[in-house]
Amino acid sequence: MKYFFIINSLSGSGQGNPIWHKVHRVLQKQGVSHEAYFTRHKGHGTELARRLASRLPGNRLVVLGGDGTLNEVLNGLAGVSGITLGYIPVGSGNDFARGMGLPSDPKEALMYILKAERTVPLDLGRVRGNEHTSLFAISSGLGYDAEICYKVSRSRVKKLLNRFRLGNLIYAFTAVRLLFTYPPCDMAVSVDGQKQIFRKVHFVTGMNLPFEGGGFRFCPAARPDDGRLSCMVVHDMHPLKILFLFPTAYFGRHTGFRGITILEGKKIELRSASPRKIHRDGEYGGTAKRVTFEAGDGDVTFILP
């Protein structure tokens, strides 16, 4: 058996490379057969995964990077069966690792991957907008949260803060600034065919795991193995109230407040009164008025501790 590694050396504010060196030393010491591939630009993880796909059945694929790197790799494996995947989290948000209960220590993560004593089928979400479908492991959102992702992805300040391992500050700053300028709009939300109209929607997020945005437990009951998605709609709420509710969302205590609606189903269809930006696992995914979130069914086999 061979282990194929896809590595983002710049993830975790530049910690990807030194962490890979530590992992590599363990692999060499234990005589583990492996090949390493490094991402060089945005979207390269998808290209590498597609290139390796035919060699993966019967072997193992390990992603070393952040949530965005994992998302790229999963999209490169769309439609490929027989994949067993491991993950060593090195990002700043690490919502996938948090939601799956993965260790933060890279050597510990490597050890359970090499042992592979426990594997589970992992459902992946699908988001469709403007006739384009992408996969997500954590969540996909329409509206305010996606607008934050878009602004941050184009921020020069983030690159500067990353050098000091303070990249998350730009998310917090952008979130607060946008909250008071972002225009909400009405949306129709259909869950497995049951339609509801929501007024003044800030954002809707379809979640495969409980956490988004670096630790916000937006949908506490979301699970990646039940063939369903949880969906949070934030609507009819003053920006100041949203701001004060953010801390409660870290503990999943926001769900009982008026203006927070939690839905659950296999297929969630959104129709927005005006075009809204989309994100998938925190990565900007375009703009659309009609978007569909749908849960998969055991798309990949994932190694757990």
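**Figure 1. Overall dimensions of the predicted model.** A compact globule of 305 residues would have a radius of gyration near 19 Å, and the chain agrees with this because its own value is 19 Å. The structure is a predicted model. Taken along the principal axes, the C-alpha atoms fill a box of roughly 60 × 40 × 35 Å. The chain is made up of elements that include 10 helices and 15 strands.

**Figure 2. Contacts, burial and surface of the chain.** Of the 305 residues, 55% count as buried. Among contacts with a separation of 6 or more, 72% join residues that lie 24 or more positions apart. The exposed area of the chain is about 14,100 Å², and 50% of this comes from carbon and sulfur atoms. The chain carries 41 positive and 25 negative charges, and the mean positions of the two sets are 6 Å apart.

**Figure 3. The largest nonpolar core and Val23.** This core has 49 residues. The members that touch the most other members are Phe5, Val23, Ile88, Phe96, Leu102 and Phe302. The view takes Val23 as an example. Leaving aside residues up to four places away in sequence, Val23 touches Phe5, Leu64, Ile88, Pro106 and Leu110. A second core, separate from this one, has 22 residues, among them Phe203, Phe218, Val234 and Ala249.

**Figure 4. The loop that holds Asp236.** Asp236 lies between strand 11 (229–235) and helix 10 (239–249). Its phi is near 50°, which is a positive value in a residue other than glycine. Most residues other than glycine have a negative phi. Is Asp236 buried, partly exposed or exposed? Asp236 counts as partly exposed because its relative accessibility is 49%, and the partly exposed class runs between 20% and 50%.

**Figure 5. The loop that holds Asp281.** Where is Asp281 placed? Asp281 sits in the loop that links strand 13 (267–280) to strand 14 (283–295). Phi of Asp281 is near 50°, again a positive value in a residue other than glycine. The relative accessibility of Asp281 is 8%, so this residue counts as buried; the cut-off for buried is under 20%. To set the two loop views side by side, Asp236 is partly exposed, whereas Asp281 is buried.

Conventions:
Residues are numbered from 1 along each chain as its sequence is written. This is a predicted model: local features need pLDDT of at least 70, side-chain atom pairs count only at pLDDT 80 or more; totals for chains, interfaces and linings use all residues. Side-chain values use heavy atoms; hydrogens and water are left out. A nonpolar core is a set of buried Ala, Val, Leu, Ile, Met, Phe, Trp, Tyr and Cys residues joined through side-chain atoms within 4.5 Å. Buried means under 20% relative accessible area, exposed over 50%, partly exposed in between (1.4 Å probe, protein chains only). Contact means heavy atoms within 4.5 Å. Helices (H or I, at least four residues) and strands (E, at least two) are DSSP runs, numbered from the N terminus. The radius of gyration is taken over C-alpha atoms; the globule rule is 2.2 Å times the number of residues to the power 0.38. Accessible areas come from the Shrake-Rupley method with a 1.4 Å probe; for residues, only the protein chains shown count as cover. Lys and Arg count as positive and Asp and Glu as negative; His and the chain ends are not counted. The place of a charge is taken as NZ of Lys, CZ of Arg, CG of Asp or CD of Glu.
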